[in-house]
Amino acid sequence: MPVAFVIALVAIVLLLAVVRLTVPSLPLRPIAVSPTRWEAVAVLVGLVGLLLHCTAMFNRAVLAVVPGSSTYISAVNAMAAPSVLLYVVPAVLVLLGLRCQHRVAVTVLTAALLAVGVTMYDHGPVTVHLTAIFLNAVLLAATLALLVGRPRDPHRSGTSAR
């Protein structure tokens with residue numbers, strides 16, 4: 001991945017995080033949904049899985065310092081069924097964790113994750129795939145910053161687990 005790509009992406013995600021932490025009206029109260037703890041964990045695990053997949057694909061040396069990661073890196077870069085599975089499972093976890101968010105946001109994120117998957121395995125130009133990754137990451141960060149409330153505690157009065 002080009003350094004400018006990574007810097008721009010990290011800057012946008014950090015900016016969205018700062019906005020979330022400093023703007024009192026966020027998340028957008030009329031349409032924000034607080035996830036259950038399970039949903040929050042699903043999103044977190046899914047995001048880590050997606051990040052690992054990208055790292056294995058574009059910056060192997062970073063992941064290679066982790067003992068035993070060579071099998072994972074090889075599986076991702078073989079671009080066969082295990083690689084697809086190692087992308088699809090985290091993507092589905094993210095979508096499952098965000099499934100109760102605004103319908104438009106979930107639809108757009110689904111399309112963005114599909115675009116990343118298709119451009120990854122269609123043997124097309126890497127620039128198209130990087131563009132899909134960039135848009136997907138910004139959309140995910142925006143959804144988390146603008147729409148996702150604090151996880152609900154099902155043991156508190158007035159809340160219930162879904």
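Me: What makes Val116 count as touching Tyr87, His129, Ala132, Ile133 and Asn136?
Reply: Contact means heavy atoms within 4.5 Å. Val116 touches each of these five, with residues up to four places away in sequence not counted. The model is predicted: local features need pLDDT of at least 70, side-chain atom pairs count only at pLDDT 80 or more, and totals for chains, interfaces and linings use all residues. Numbering starts from 1 along each chain as its sequence is written, and side-chain values use heavy atoms, leaving out hydrogens and water.

Me: Why is Asn136 called buried?
Reply: Buried means under 20% relative accessible area, exposed over 50%, partly exposed in between (1.4 Å probe, protein chains only). Asn136 has 7%, so it is buried. Leaving aside neighbours within four places in sequence, Asn136 contacts Leu109, Ala112, Leu113 and Val116.

Me: Where does Asn136 sit?
Reply: In helix H7, residues 126-146. Helices are DSSP runs (H or I, at least four residues), numbered from the N terminus.

Me: How do you know how H2 runs relative to H7?
Reply: Their axes come within 13 Å and cross at roughly 155 degrees. Therefore H2 is roughly antiparallel to H7. Angles over 145 count as roughly antiparallel, under 35 as roughly parallel, 65 to 115 as roughly perpendicular and the rest as oblique. Axes are lines fitted to C-alpha atoms, for helices over the stretch in contact, and angles run from 0 to 180 degrees between N-to-C directions.

Me: Which residues meet between H2 and H7?
Reply: Val43, Leu47, Cys54, Met57 and Phe58 in H2 meet Val126, His129, Leu130, Ile133, Leu140 and Leu144 in H7.

How values were computed: Helices (H or I, at least four residues) and strands (E, at least two) are DSSP runs, numbered from the N terminus.
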